[in-house]
Every structure is written in structure tokens, then in C-alpha cells.
Amino acid sequence: MHTLRQRLILSHMLPSLLLIPIMGIVLIYVIETRVVLANLSSELTGQAVLIAELAEDYPGVWSDAETAQAFVARIDPRVSARLMLLDRDGRLLASSDPADAPLVGSRLAVPEIAHVLSGRAQVRTTYSRHLHEEVVDVFIPVWAFDERQVVGIVRLNHRLATVHERFLRVRQTVALVSLGGLLLSALVGWTLALHLERPLERITRAIQLLASGQSLDLIPEQGPREIRSLAHAFNVLVTRLRTLEETRHRLLANLVHELGRPLGALHSAIQALLGGADEDPRLRRELLAGMEGEVEHLRRLLDDLSHVHDQLAGALELARRPVPLGKWLPQALAPWRASAQEKGLQWVATIPADLPALQADPDRLAQALGNLLSNAIMYTPSGGRVAVDAGVADGAVWIRVSDTGPGIPPDEQARIFTPFYRGRQARRFPQGMGLGLTIAHDLVVAHGGRLEVESTPGQGSRFTIWLPLE
Ligand code: ADP
């Protein structure tokens with residue numbers, strides 16, 4: 001019983017294997033003993049009483065064997081059992097069975113006769129050695145005309161074999177029904193097991209393929225509810241694994257790219273210095289400044305990566321304090337204004353001076369805003385426009401960074417906040433790990449707010465930070 005199939009088949013067969021035969025045997029026993037035998041005894045007793053009453057009118061029957069035999073011959077066709085007449089000494093006078101002829105005149109060795117002669121009727125079920133089978137025996141005393149004494153006995157004797165024979169057929173039917181039930185239940189168990197086995201095997205195979213790294217395919221969610229939810233759980237796992245796998249790929253690709261470029265630049269600068277460039281003070285300064293820029297870039301990269309690490313470890317903590325946005329925002333925007341103008345972009349900042357104060361971590365807020373602004377400046381071609389507005393609505397402060405850059409296609413808008421994701425447009429730009437928006441999003445959410453994007457490809461993008469006032 002190791003497989004589901006064997007267990008299901010057995011559990012379906014057990015009722016037919018046990019219940020039907022047991023019920024059949026019990027029912028047959030009860031019907032045979034309580035109903036048929038009881039009916040037979042009372043029917044025989046009724047017939048015997050009638051014959052006894054009839055015999056009372058023929059006193060000659062009890063003194064002469066021939067008269068007795070004639071009486072029996074007249075009654076016999078109307079009686080279903082063997083009819084015997086016995087005299088007051090228990091001797092056989094006549095019998096409807098010709099085989100009893102040799103016994104006529106002899107005393108029968110039946111212990112009940114003594115009781116009957118004392119006036120009591122007797123009914124018994126016994127084994128007849130003479131007939132070699134079970135019989136129902138009924139003895140009824142026949143009274144003399146004056147009712148003072150018993151003059152003879154009417155005995156009716158019915159073979160039980162006929163009853164048993166009738167029930168044989170019922171027994172056979174029960175056996176056949178059990179067998180049929182057995183086959184049917186085995187079939188039902190087998191079919192059910194197959195219906196369960198197939199999807200389970202499919203899921204097991206899918207898990208094995210997943211474990212061996214051969215496939216990350218989803219499986220159909222079919223079958224009974226439990227199997228469906230198992231398949232669904234598997235698909236959720238596969239989807240999660242796919243995301244992780246994609247993230248890992250993107251991380252590695254971006255890392256190779258992002259580390260390769262500054263390392264190449266540093267290597268070239270070192271080569272130049274070793275090759276004698278350090279003898280020209282101006283060139284040396286330029287090379288060292290370039291190297292510092294690359295090291296700074298690597299440091300920022302490491303900062304971004306450590307942010308992701310902190311986020312995964314759940315270690316992102318905010319140092320909140322009141323931040324008067326009306327005053328703080330223009331200061332935070334100043335360096336970005338410079339770099340936008342440096343790139344030849346039009347810079348428009350509309351910050352109301354009466355913006356309320358907010359409980360926030362100003363450094364983290366500046367980082368989130370900085371990531372949005374650095375993207376806007378990087379992706380917008382020179383001659384374009386970068387604008388920052390802010391205001392209060394629906395119990396929250398909003399800060400919006402808009403640009404007239406290439407915009408973000410709708411299918412990418414939902415993905416740009418996932419770690420290491422870089423849009424198709426962005427891949428043309430040399431720098432970027434695909435972490436800027438992820439970090440900005442995490443920081444805004446840590447402040448209890450949300451970050452929204454609206455963008456029309458070809459026209460520009462708008463990122464809005466919403467921060468609750470409470
Ligand atoms: P990175 O800029 O390093 O690629 P980000 O997480 O900052 O990563 O941005 C993810 C992607 O979102 C970018 O690769 C780019 O495709 C898109 N994106 C972000 N900001 C802008 C923007 N202002 N204009 C156009 N595309 C943008």
C-alpha cells in the first residue's frame with residue numbers, strides 16, 4: 001500500500017468487500033429464522049389444528065389403521081407438509097409419505113409425544129435422521145368427543161431444505177452483487193487515482209526540472225482544488241525565481257559595465273602617468289582630477305549597492321526631524337540647477353515659500369530627489385527643459401520633477417522601479433546601474449509616501465513624490 005493508487009482502490013473496495021457480504025449474511029439469517037421459519041411454524045400449526053378438529057368428527061380414525069390411512073389420503077392434497085396420525089400410545093397409524101409404510105403400527109421414538117399425549121401442542125425444529133435434513137415438526141393432540149382424554153396426535157412435518165433452497169438463490173445474488181460492487185469500486189478507485197496521479201506527477205516533474213535548473217516554466221493549474229492550489233503555489237515560486245534570476249542577470253551585466261568603464265579610465269590614466277605624463281604639471285593635474293572623478297563614481301556605485309544591501313537586510317533607518325520644505329527645497333535643488341545649466345538645459349523651479357514643514361530625514365529625501373533630478377538631467381538632451389514644482393494637496397506635499405526628455409514607453413513604466421532594470425533608451429547612455437529609481441522609490445515609501453511616474457514617449461517624463469503631512 002505504498003502508492004496513492006493502491007490506497008484509493010483499497011479504500012473504495014473495503015465497503016463492498018466487508019459491508020455487502022456481512023449485511024447480506026445477517027439479512028438472510030434474520031429473514032430465514034425470524035420471518036420464514038416463524039411463518040412456517042405458525043402456518044403448520046394452523047393446518048395441524050384444523051386437521052385435529054376435523055379428525056375429532058371421525059373417531060374411527062384412531063382405532064383402525066385403514067380408516068386412518070383413508071383420512072390421510074383425503075386430507076393430504078390440501079396440506080403442504082408430511083401428515084402423520086398417531087394413536088394415544090404414540091404408534092404410527094398412517095402417513096402421507098409412502099416411505100413410512102414399514103413404520104405403521106410401531107411406536108415412534110419422539111420425546112415430544114409424551115407431552116402431546118398430556119394435552120399440549122408441540123412445535124420443534126430438529127434434524128431428522130430419517131430424512132437426513134432439518135425439519136419443522138408440529139404435534140397437535142386430538143381430544144375425544146367428551147374432551148376428557150387425548151385419543152390421538154396429528155403430526156405435520158415440513159422439510160427445511162426447501163426453505164434453504166429458496167435462500168440459496170438470494171445468497172448467490174448477494175455474492176454476485178458483492179463481486180460486481182468490488183469490481184466497480186476498484187474501477188472508481190483506479191480512475192480517481194489516475195486523476196490525482198497525473199497532475200501530481202506533472203508537478204513533481206516540474207519541481208525536478210526546476211531543481212536541476214533545466215526549466216523555469218509555469219505549469220497549468222488544473223484538477224481538484226487542492227491540486228490547483230499546489231500548482232498555483234508552484235507557479236508563484238517559479239515567477240519569484242524568474243524575477244530573482246532576471247535581477248541577478250541584470251545586476252551582473254550592469255556591474256560588469258559599471259566597473260569596467262571607470263577601471264579602464266583609471267588604468268589609462270595610470271599608464272599615462274607611468275609613461276612620463278607626471279612631468280607635465282598641467283597634464284598630471286588633469287589626469288589626477290579625472291582619476292578622482294572615476295573614484296568618486298565608483299564610491300557612488302558602492303553607496304547605491306550598499307543601499308540595496310541595507311534594504312534587503314531591513315536595515316534602512318530614517319533620522320527624522322522637522323524639515324521646513326519652503327526653505328529646504330531651494331537649497332537642495334541648487335547643485336542640480338548648476339549641473340542642468342552646465343548641460344545647456346532650461347531650469348524652472350516653482351517652489352512656494354509657504355510649503356509646510358515635514359517630519360523627514362533630509363539627507364534621504366535629498367537622495368531620492370537627487371536621483372530623479374540626475375535622471376532628468378542625464379536623459380534630457382541639451383536645449384531641453386527640466387522643471388521642479390511643489391505644492392500641497394489631499395493632506396500631502398507633492399514634489400514633481402518634469403523633463404522634456406525621450407519619455408518612458410508604457411510597458412517599461414511598471415518595471416523602472418525594480419532593481420537593476422534599465423530602459424531600452426537608457427542603454428544608449430554609458431552610465432547607470434538601474435538602481436536610481438529603486439532607491440528613490442524605497443526612500444519615499446520609507447517616509448510613508450509614494451512615487452508616481454507619468455510619461456509620454458517623445459514628450460518627456462514627470463516623476464511625483466507624495467509625502468503625507470501627518
Ligand atoms: P539608470 O538611470 O541607472 O538606468 P534608474 O533606476 O534611475 O536607472 O532608472 C531606470 C530606468 O528608467 C532608466 O534606465 C531609464 O530607462 C528610465 N528613466 C528614468 N528616468 C528617466 C527620465 N527622466 N527620462 C527617461 N527615462 C527615464
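## Briefing: a protein and its ligand

The protein has 10 helices and 12 strands. Its radius of gyration is 54 Å, well over the 23 Å that the globule rule gives for 470 residues, so the protein is more spread out than a compact globule. The model is predicted. A ligand sits in the largest pocket.

**Overall shape**

- The C-alpha trace of the protein spans about 165 × 55 × 40 Å along its principal axes.
- These spans go with the radius of gyration of 54 Å.

**The shell around the ligand**

- The ligand is surrounded by 20 residues.
- The closest of them are Asn-375, Tyr-379, Asp-403, Arg-422 and Leu-437.
- By class, the shell has 11 nonpolar residues, seven polar ones and two charged ones.

**Where the shell comes from**

- Three elements each supply at least two residues of the shell: helix 8 (362–379), helix 10 (436–446) and strand 12 (460–468).
- Helix 8 gives the most, with four residues.

**Polar contacts with the ligand**

- Gly-423 uses its backbone: a polar backbone atom of this residue is 2.9 Å from an oxygen atom of the ligand.
- Leu-437 also takes part through its backbone, where an N or O atom lies 2.8 Å from an oxygen atom of the ligand.
- Leu-437 is also listed among the closest residues of the shell.
- Ser-461 uses its side chain: a polar atom there lies 3.5 Å from a nitrogen atom of the ligand.

**How much of the ligand is covered**

- Taken alone, the ligand exposes 530 Å².
- The protein buries 97% of that area.

**Quick check**

- Which helix gives the most residues to the shell around the ligand? Helix 8 does, with four.
- Where does the ligand sit? The ligand is in the largest pocket.

Terms used. Residues are numbered from 1 along each chain as its sequence is written. This is a predicted model: local features need pLDDT of at least 70, side-chain atom pairs count only at pLDDT 80 or more; totals for chains, interfaces and linings use all residues. Side-chain values use heavy atoms; hydrogens and water are left out. A residue is near a molecule or strand if one of its heavy atoms lies within 4 Å of it. A polar contact is a pair of N or O atoms within 3.5 Å; within protein, one must be able to donate a hydrogen and the other to accept it, and residues adjacent in sequence count only if both atoms are side-chain atoms. Accessible areas come from the Shrake-Rupley method with a 1.4 Å probe; for residues, only the protein chains shown count as cover. On a 1 Å grid over the protein atoms alone, a cavity is a set of points where a 1.4 Å probe fits but cannot get out, and a pocket is an open set with protein on both sides within 12 Å along at least five of seven lines; lining residues have an atom within 4 Å of a point. A molecule sits in a cavity or pocket if more than half of its atoms lie within 2 Å of its grid points. Ala, Val, Leu, Ile, Met, Phe, Trp, Tyr, Cys and Pro count as nonpolar, Asp, Glu, Lys and Arg as charged, and the others, Gly among them, as polar. The radius of gyration is taken over C-alpha atoms; the globule rule is 2.2 Å times the number of residues to the power 0.38.
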